[in-house]
Amino acid sequence: MERTILQLLLIGILLANLSLAATVRRPRLDGRIVGGQETNIKAIPYQVSLQRSYHFCGGSLIAQGWVLTAAHCTEGSAILLSKVRIGSSRTADGGVLVGIKRVHRHPKFDAYTIDFDFSLLELEDYNAQNVTQAFVGLPDQDADIADGTPVLVSGWGNTQSAQESTAVLRAVTVPKVSQSQCTEAYGSFGSITDRMICAGLPEGGKDACQGDSGGPLAADGILWGVVSWGYGCARPSYPGVYSRVASVRNWISSTSGI
């Protein structure tokens, strides 16, 4: 009898551990664009900075008064006290600071698995005269781009070099990675879902990370991804994971009218 109880306890512990392994919390990004170059907001006029008294996330202008960013950037009520800087290559000055009127977080966002990592920010009215801005295009629902396609990632995240300022917008180009390769790379962290798209070099060295969360992954003027999560930064065999915009195109349309 005692042996039976012990066996049941051991089986229970084993199942609990297996369950835990299947739902390992996603690794959060550790905060930098690596291997990129300084750029001007005129080259990426849809890029915006989310700010409190400091830059904490990026975002993309998809229409006048609408920004698409990551849901994990908008957790907590403090987001409504934040501002969005539009039209500047620098986080500390330039362009225009705009208040956030309403946050539309995707209703299926899961903070544990970082699935459906999307939020739409509805901005307060602002004067767009003399402001460098343009709206990035959106893909059709469930559209895709070919594996290996060069995609541009940008933001103000930390760098690995004291000579590379975080105050000025930076960008890096990396290739799109196949879903099967990405799934294999992150097998120990749970599945790569249909709401995720991956990009990066096999040898590492170029990537986007936490300070860039919410920012754009774009190709030919179309927004394909939102900087979301990944293991470390620019590590070999671990591409960056982005929220796949095409998977929620209908939600964007029904929420914003765009």
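Visitor: Which residues does I62 touch, not counting residues up to four places away in sequence?

Guide: In this predicted model, I62 touches L68, L120, F135, V136, L138, L223, I252 and I258, with residues up to four places away in sequence left out.

Visitor: How should I read such a list of contacts?

Guide: Start with the general idea. In soluble globular proteins, nonpolar side chains tend to be buried together. Here, the largest nonpolar core has 39 residues. I62 is among those with the most contacts inside this core, together with L50, L68, V84, I86, L123 and I252.

Visitor: Which elements give two or more residues to this core?

Guide: The strands are β2 (47-51), β3 (55-63), β4 (66-69), β5 (83-86), β6 (96-105), β7 (119-123) and β12 (222-229), and the helix α3 (249-256) does so too. The largest share, 5 residues, comes from β3.

Visitor: Why does this core lie between domain 1 and domain 2?

Guide: Domain 1 (45-135 + 249-256) and domain 2 (136-246) both give residues to the core, so it lies between them. Another core, of 13 residues, lies apart from it and includes A71, C182, C198 and V241.

Visitor: How do I read a pair of aromatic rings?

Guide: A pair of aromatic rings is described by the distance of the centres and the angle of the planes. A search of the whole structure finds 4 aromatic pairs. One of them joins Y54 and F56, with 6.4 Å centre to centre and 70° between the planes. Because planes over 60 degrees apart count as edge-to-face, the pair of Y54 and F56 is edge-to-face.

Visitor: Is Y54 buried, exposed or partly exposed, and what about F56?

Guide: Y54 counts as partly exposed, at 44% relative accessibility. F56 counts as buried, at 13%, because buried means under 20%. The ring of F56 has a further partner: the charged end of R52 sits over that ring, 4.0 Å from its centre.

Visitor: What kind of aromatic pair do Y186 and F189 form?

Guide: Y186 and F189 form a tilted pair, 6.0 Å centre to centre and with 55° between the planes. Y186 is buried, with a relative accessible area of 0%, and F189 is buried as well, at 14%. Y186 and F189 belong to one aromatic cluster with W229 and Y238.

Visitor: Now a polar residue. Where does S243 lie, and is S243 buried or exposed?

Guide: S243 lies in strand β13 (residues 240-244). S243 is buried, with a relative accessible area of 2%. A polar atom of the S243 side chain lies 3.1 Å from the backbone oxygen of D117. Leaving aside neighbours within four places in sequence, S243 is in contact with D117, F118, R195, I197, W224, G225, V226 and S228.

Visitor: Where is the place of T91, and with which residues is T91 in contact?

Guide: T91 has its place in the loop between β5 and β6. T91 is buried, with a relative accessible area of 14%. Apart from neighbours within four places in sequence, T91 is in contact with S49, Q51, H55, R85, W156 and A167.

Visitor: How many helices and strands are there in the protein, and what part of the residues is buried?

Guide: The protein has 3 helices and 13 strands. Buried residues make up 52% of its 258 residues. Among contacts between residues at least 6 apart in sequence, 72% join residues at least 24 apart.

How values were computed:
Residues are numbered from 1 along each chain as its sequence is written. This is a predicted model: local features need pLDDT of at least 70, side-chain atom pairs count only at pLDDT 80 or more; totals for chains, interfaces and linings use all residues. Side-chain values use heavy atoms; hydrogens and water are left out. Rings of Phe, Tyr and Trp (its six-membered ring) pair if their centres lie within 6.5 Å; planes under 30 degrees apart count as stacked, over 60 as edge-to-face and the rest as tilted. Buried means under 20% relative accessible area, exposed over 50%, partly exposed in between (1.4 Å probe, protein chains only). A charge sits over a ring if NZ of Lys or CZ of Arg is within 6 Å of the ring centre and within 35 degrees of the ring normal. A nonpolar core is a set of buried Ala, Val, Leu, Ile, Met, Phe, Trp, Tyr and Cys residues joined through side-chain atoms within 4.5 Å. Helices (H or I, at least four residues) and strands (E, at least two) are DSSP runs, numbered from the N terminus. Domain bounds come from an automatic or database domain assignment. Contact means heavy atoms within 4.5 Å. A polar contact is a pair of N or O atoms within 3.5 Å; within protein, one must be able to donate a hydrogen and the other to accept it, and residues adjacent in sequence count only if both atoms are side-chain atoms.
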